[in-house]
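Me: Please take a close look at one part of this model for me: the packing of the helices around its second largest pocket. Which helices meet, at what angles, and through which residues?

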Amino acid sequence: MTYEPVIGLEIHAQLATRTKIFCGCSTAFGAPPNTHVCPVCLGLPGALPVLNRRAVDYAIKAALALGCEVQPASIFARKNYFYPDLPKGYQISQYERPLALGGGLDVAVDGTPRRIGLTRIHMEEDAGKSLHEGFADSDRRTYVDYNRSGVPLIEIVSEPDLRSAAEASAFFSQLRDILVWLGVNDGNMEEGSLRCDANVSVRPAGQREFGTKAEVKNINSFRYVQKALEYEIERQIDLVEGGGRVVQETRLFDSAAGRTFSMRSKEEAHDYRYFPEPDLPPVIVEAERIAAVRATMTELPDARRRRFVAAYGLPEYDAGVLTQSAALADYFEQVASASGNAKGASNWVMGELLRTLNERNTPIEEVPLAPAALAGLIALVDRGTISSSIAKDVFGKMYASGRAADEIVAAEGLAQIGDESALLAIVQSVLAANPDAAAQYRAGKTATFGFLVGQVMKASKGKGNPKVINELLRRELGS
Ligand SMILES: [Zn+2]
């Protein structure tokens, strides 16, 4: 019998605000433990939460980009449970009335896109972090770092629409790209900014009812999503085929062993005793606020990629590379419009520019070369003032010095030699120095032509106009 997996994802994304969701403490990663804390995020008695306005705007932005309906009123609730990393004894989260409902994402595995629905997006605060190792007395004690406590999160819950580990992985990856593009999340799974839990069940192919699901938690690295799900799907199919049944439980993924294992069964599941948070008013989102957030949103990657192909005539590949980030796409568009040569701009941005940025580990946001300056270089090549190989040298000098292309070309005498009489002398001296190659060419071995062109280019220090050199050589060789 063949089985079909049914997967739904719950993705926690940290909102990229400077401060926490209910207090003014910094959200910066990597600070010494318990240095970004205050009475609010330590849950001290009497401390009152105040909602971070920007966190709500970011959550609205994500919801709009994913096609969700932002609710005019949503409500924070207390989710009660006891755990050392949760100092208040409850987490403030949205429950019955989340910020946004519905929405979805088109995910393509093997070419054909499928619509994956979203159930909801709600806001909540993160908990602290228990440190079980790394201390001399870690065998006896657990330490807690509350720097994360109160960091703003959105939880994005998908419908059980995913049908394979590969599809789930593609969905997660696309979601990540959108959140990063919007600037609401930094996409950094290693630092815990993006986490994924999965609800997984299997059913015989063709059956309508869902099987019993298990929840796989803490898939804490981007590349483990597919591995964890593949393992869990196989485990459930083996179980069912062997006459057993899947039990509803929470499982953890052990990335070192490449398997999931049971953490707690349904009988041990928490009763969170949710009730509305009395210290926070409902979150009221008016139409004007939605419009204002929408106005700050840049075109989404997918739409921009399609526009680059349609408006600039770029190949799909170029459009894909150039829309990897909003900043890179913006840069390209400025170079393209200033140079009037979109394909040239694409070649330079994807080629020399990205290569140089990668080599120096410099983000595009900090590129020292203005788009207009790169456009100036492209114009020099287009006009035939310099050859493309000289242009690469000029690019390196522009990048290092910030000087304009025409200034470098003039100062260093790099302009292409297109003057026939100047080049003719070089061509004649090259032919005189290479009589064998010339004779071979005349005898029909035309492959030596390229060698002779190379010699002339070399003798002209790369400045000879290749078209003129070609014509002169052919004329001199009598062909
Ligand atoms: Zn605080």
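Reply: In this predicted model, α1 and α2 lie oblique to each other. Their axes cross at roughly 130° and come within 10 Å. Why oblique? Angles from 65 to 115 degrees count as roughly perpendicular and those over 145 as roughly antiparallel, so a crossing of roughly 130° belongs to neither class. The handedness is right-handed. α1 covers residues 53-65, and α2 covers residues 165-182. On the α1 side, the residues in contact are K61, A62 and A65. They meet I178, L179 and L182 of α2. By class, that contact holds five nonpolar residues and one charged residue, with no polar ones.

α2 also leads to the pocket. The second largest pocket has a volume of about 840 Å³. It is lined by 35 residues, and those closest to its centre are D177, W181, P301, T323 and Q324. D177 and W181 fall within the range of α2, residues 165-182. P301 falls within α5 (301-312). Five elements each give two or more residues to the lining: β7 (104-109), α2, α5, α7 (326-339) and α8 (342-360). The largest share is that of α2, with eight residues. The lining is mixed in class: 16 nonpolar, 10 polar and nine charged residues.

Now follow α7 and α8 from the pocket lining to α9. α9 runs over residues 371-382. The axes of α7 and α9 come within 8 Å and cross at roughly 45°. That angle makes the pair oblique. The crossing is right-handed. From α7, the contact uses Y331, Q334, V335, A338 and S339. From α9, it uses P371, L374, A375 and I378. Seven of these residues are nonpolar, two are polar and none is charged.

α8 meets α9 as well. Here the axes come within 10 Å, and the crossing angle is roughly 115°. This crossing is also right-handed. G344, A345, W348 and V349 of α8 touch L374, L377 and I378 of α9. The classes are six nonpolar, one polar and no charged. L374 and I378 deserve a second look: they take part in the contact with α7 and in the contact with α8.

To recap the route: α1 packs on α2 with a single charged residue in the contact. α2 gives eight residues to the pocket lining. α7 and α8 also contribute to that lining. On α9, the contacts with α7 and with α8 contain no charged residues.

Methods
Residues are numbered from 1 along each chain as its sequence is written. This is a predicted model: local features need pLDDT of at least 70, side-chain atom pairs count only at pLDDT 80 or more; totals for chains, interfaces and linings use all residues. Side-chain values use heavy atoms; hydrogens and water are left out. Axes are lines fitted to C-alpha atoms, for helices over the stretch in contact, and angles run from 0 to 180 degrees between N-to-C directions. Helices (H or I, at least four residues) and strands (E, at least two) are DSSP runs, numbered from the N terminus. Angles under 35 degrees count as roughly parallel, over 145 as roughly antiparallel, 65 to 115 as roughly perpendicular and the rest as oblique. A crossing is left-handed if the near helix is turned anticlockwise from the far one by less than a right angle, and right-handed if clockwise. Contact means heavy atoms within 4.5 Å. Ala, Val, Leu, Ile, Met, Phe, Trp, Tyr, Cys and Pro count as nonpolar, Asp, Glu, Lys and Arg as charged, and the others, Gly among them, as polar. On a 1 Å grid over the protein atoms alone, a cavity is a set of points where a 1.4 Å probe fits but cannot get out, and a pocket is an open set with protein on both sides within 12 Å along at least five of seven lines; lining residues have an atom within 4 Å of a point. Grid points are joined across faces, edges and corners, and a volume is the space filled by probe spheres set on the points.
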